[in-house]
Amino acid sequence: MVDAPAQVRPGGRSAKVRAAVHHAVAQLLAEEPAEALTIPAVAARAGVHPTTVYRRWGSAAQLLGDVATSRFSGDVVVPDTGTLAGDLERWLGDVATDLTDPDTLALMRATIGSGPEGGCACIGDRHEQLSAMIERERSRGGRTPEVESAVDFLLGPLYYRAIFSAQPASSDWARELVATFLAASEALA
């Protein structure tokens, strides 16, 4: 027997509940420490019954993962400046700016702290964006680094600064990081 895939309706009550719950999570994280985020607290803030939230998400960790995936999908546009260096500089600067938002940081910290899948929800779209820029450079005939190397070298320090350091990453810092990464990639090629 084949399991039918879960259907998500684009409108109606499901969409309204999802929006209300996502908004409630954002509000609660802005007001309280992440530990205070519980399904009953989210449900009360969203104006729905806790069973509704449990039925759809199952746990606070799954709810945070869904909110993070929604929040971090498509919010940073992949630039096309004509060069990989230009694309990476603009993109990493945009990501760095995004990571200075206190609400974004609260969501990231709560999601990462919710379990092993939390980090993936926060950076999945970033992997896809890096891959798109590197693939575009390959199609132009340019030499390119591996996507995983770019993730480790560019996103690792950026997210470390955002989550664990009191010193946020600036656009200038991001440009220097890209220049260092590309120079190291070229030297290893």
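Which helix supplies the largest share of the lining of the largest pocket? In this predicted model, that helix is α9, with 6 residues.

The overall fold sets the scene. The chain holds 9 helices and 0 strands. From the N terminus on, the order of elements is α-α-α-α-α-α-α-α-α. Of the 189 residues, 36% count as buried. The exposed area of the chain is about 10400 Å², and carbon and sulfur atoms supply 55% of this area. Contacts were also examined by sequence separation. Among those between residues at least 6 apart in sequence, 65% join residues at least 24 apart.

The largest pocket encloses about 300 Å³ of space. Its lining has 16 residues. Thr-144, Pro-145, Leu-182, Ser-185 and Glu-186 are the closest to the pocket centre. Three helices each contribute at least two lining residues: α5 (84-98), α8 (147-164) and α9 (171-188). By residue class, the lining comprises 9 nonpolar, 3 polar and 4 charged residues.

Helix α6 was examined separately. The helix spans residues 102-113 and has 12 residues. From first C-alpha to last, α6 reaches 16 Å. This is close to the 16 Å expected at 1.5 Å a residue. Buried residues in α6 are Thr-104, Leu-105, Leu-107, Met-108, Ala-110 and Thr-111. In an α-helix, residues three or four places apart point the same way, because there are 3.6 residues a turn. After α6 comes Gly-115, with a positive phi near 155°.

Methods:
Residues are numbered from 1 along each chain as its sequence is written. This is a predicted model: local features need pLDDT of at least 70, side-chain atom pairs count only at pLDDT 80 or more; totals for chains, interfaces and linings use all residues. Side-chain values use heavy atoms; hydrogens and water are left out. On a 1 Å grid over the protein atoms alone, a cavity is a set of points where a 1.4 Å probe fits but cannot get out, and a pocket is an open set with protein on both sides within 12 Å along at least five of seven lines; lining residues have an atom within 4 Å of a point. Grid points are joined across faces, edges and corners, and a volume is the space filled by probe spheres set on the points. Helices (H or I, at least four residues) and strands (E, at least two) are DSSP runs, numbered from the N terminus. Ala, Val, Leu, Ile, Met, Phe, Trp, Tyr, Cys and Pro count as nonpolar, Asp, Glu, Lys and Arg as charged, and the others, Gly among them, as polar. The expected span of a helix is 1.5 Å times one less than its number of residues. Buried means under 20% relative accessible area, exposed over 50%, partly exposed in between (1.4 Å probe, protein chains only). Contact means heavy atoms within 4.5 Å. Accessible areas come from the Shrake-Rupley method with a 1.4 Å probe; for residues, only the protein chains shown count as cover.
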